[in-house]
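Visitor: Please choose one part of this model and take me through it closely, along with whatever surrounds it. I would like the cut-offs behind each term as you go.

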Amino acid sequence: INNTRKGKVIPIEVNLETYDLKVEIVERVRAPKLVDLQGAKVIVAGGAGVENQKNFKLIEELAYTLGGTVGASRAAVDAGLASHHHQIGQTGTTVRPKLYIACGISGAVQHYAGMNQSGKIIAINTDPEAPIFEFAHYGIVGDLKEVIPKMVKAYNNLKEND
């Protein structure tokens with residue numbers, strides 16, 4: 001690098017008028033948030049173990065029944081089961097709901113980083129060795145296609161008896 005050169009600053013006055021500019025900001029509009037994961041008290045999230053859109057509807061039904069929000073792991077988003085707006089984890093949103101229900105989520109470190117501060121974590125997975133069971137408060141080893149409808153029915157029965 002040659003540092004022997006010296007420059008001279010010459011101020012030049014420039015007067016720009018509105019008509020000199022090619023761009024004009026007419027209005028600023030913010031798109032509404034499609035999903036409020038950070039503000040949710042209850043999140044029901046699906047992972048790769050959900051397998052297909054039909055099974056993901058069960059996640060949505062349980063979330064609706066509990067008055068919660070639908071979440072997803074990156075694997076579920078990559079598989080096209082949910083949009084990126086629902087993604088929880090290092091490459092998604094960090095959440096702290098009172099109740100987090102993980103369905104078909106293995107519990108990879110990246111997902112754990114986004115939901116580990118949840119109040120209570122319930123995991124539903126067919127694999128009893130899934131890492132998510134190491135940090136879940138409650139674990140259900142079973143098929144979400146059988147477990148979720150039973151959860152919905154049990155919750156609805158509780159509401160009817162209140």
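Guide: E160 counts as exposed, because its relative accessibility is 62% and exposed means over 50% relative accessible area, buried under 20% and partly exposed in between, with a 1.4 Å probe and protein chains only. This residue lies in helix α4, where helices (H or I, at least four residues) and strands (E, at least two) are DSSP runs numbered from the N terminus. The model is predicted, so local features need pLDDT of at least 70 and side-chain atom pairs count only at pLDDT 80 or more, while totals for chains, interfaces and linings use all residues. Residues are numbered from 1 along each chain as its sequence is written, and side-chain values use heavy atoms, with hydrogens and water left out.

From E160 the view can pass to helix α1, the part to be examined here: E160 and Q53 are 107 residues apart in sequence, and their C-alpha atoms are 30 Å apart in space. The 14 residues of α1 should span 20 Å at 1.5 Å a residue, and its end C-alpha atoms are 20 Å apart, which agrees; the expected span is taken as 1.5 Å times one less than the number of residues.

Consider the approach to this helix. E51, in the loop between β1 and α1, is exposed because its relative accessible area is 58%. Its phi is positive, near 75°, although E51 is not a glycine; most residues other than glycine have a negative phi. At the start of α1, a side-chain oxygen of N52 comes to within 3.2 Å of the backbone nitrogen of K54, which falls under the definition of a polar contact: a pair of N or O atoms within 3.5 Å, where within protein one must be able to donate a hydrogen and the other to accept it, and residues adjacent in sequence count only if both atoms are side-chain atoms. After α1 comes G67, whose phi is also positive, near 75°.

Within the helix, the buried residues are N55, F56, L58, I59, L62, A63 and T65, and they pack against β1, β2, β3 and α4. I59 can stand as an example: leaving aside neighbours within four places in sequence, it is in contact (heavy atoms within 4.5 Å) with V44, A45, G46, V50, V70, C103 and I148. F56 and I59, together with C103 and I148, touch the most other members of the largest nonpolar core, which has 21 residues; such a core is a set of buried Ala, Val, Leu, Ile, Met, Phe, Trp, Tyr and Cys residues joined through side-chain atoms within 4.5 Å. At least two residues of this core are supplied by each of α1 (53-66), β2 (69-72), α2 (74-78), β3 (99-103), β4 (120-125) and α4 (144-160), and the largest share, 5 residues, comes from α1. Apart from this core lies another, of 17 residues, which includes V35, A45, V95 and I132.

The surface against which α1 rests is an open sheet of 5 strands in the order β2-β1-β3-β4-β5, paired in parallel; two strands pair if DSSP finds at least two bridges between them. Its edge strands, β2 and β5 (138-141), each pair on one side only, and the twist from one strand to the next averages 20°. α1 packs on this sheet by touching β1 (42-46), β2 and β3, and its direction makes about 175° with that of β1, the axes being lines fitted to C-alpha atoms, for helices over the stretch in contact, with angles from 0 to 180 degrees between N-to-C directions.

Two of the strands that α1 touches are joined directly: β1 and β2 pair in the parallel sense over 4 bridges, and I43 stands opposite T69 in β2. In a regular strand the side chains alternate between the two faces of the sheet. In β2 both faces are covered, with T69 and G71 buried on one side and V70 and A72 on the other. H86, in the loop between α2 and β3, is in contact with V70, G71 and A72, as well as with V35 and L37, when neighbours within four places in sequence are set aside; H86 is buried, because its relative accessible area is 18%.

Finally, the helix that carries E160 meets the sheet elsewhere: α4 lies across β3, β4 and β5, and runs at about 135° to β4. β4 and β5 pair in the parallel sense over 4 bridges, with I124 opposite I140 in β5.
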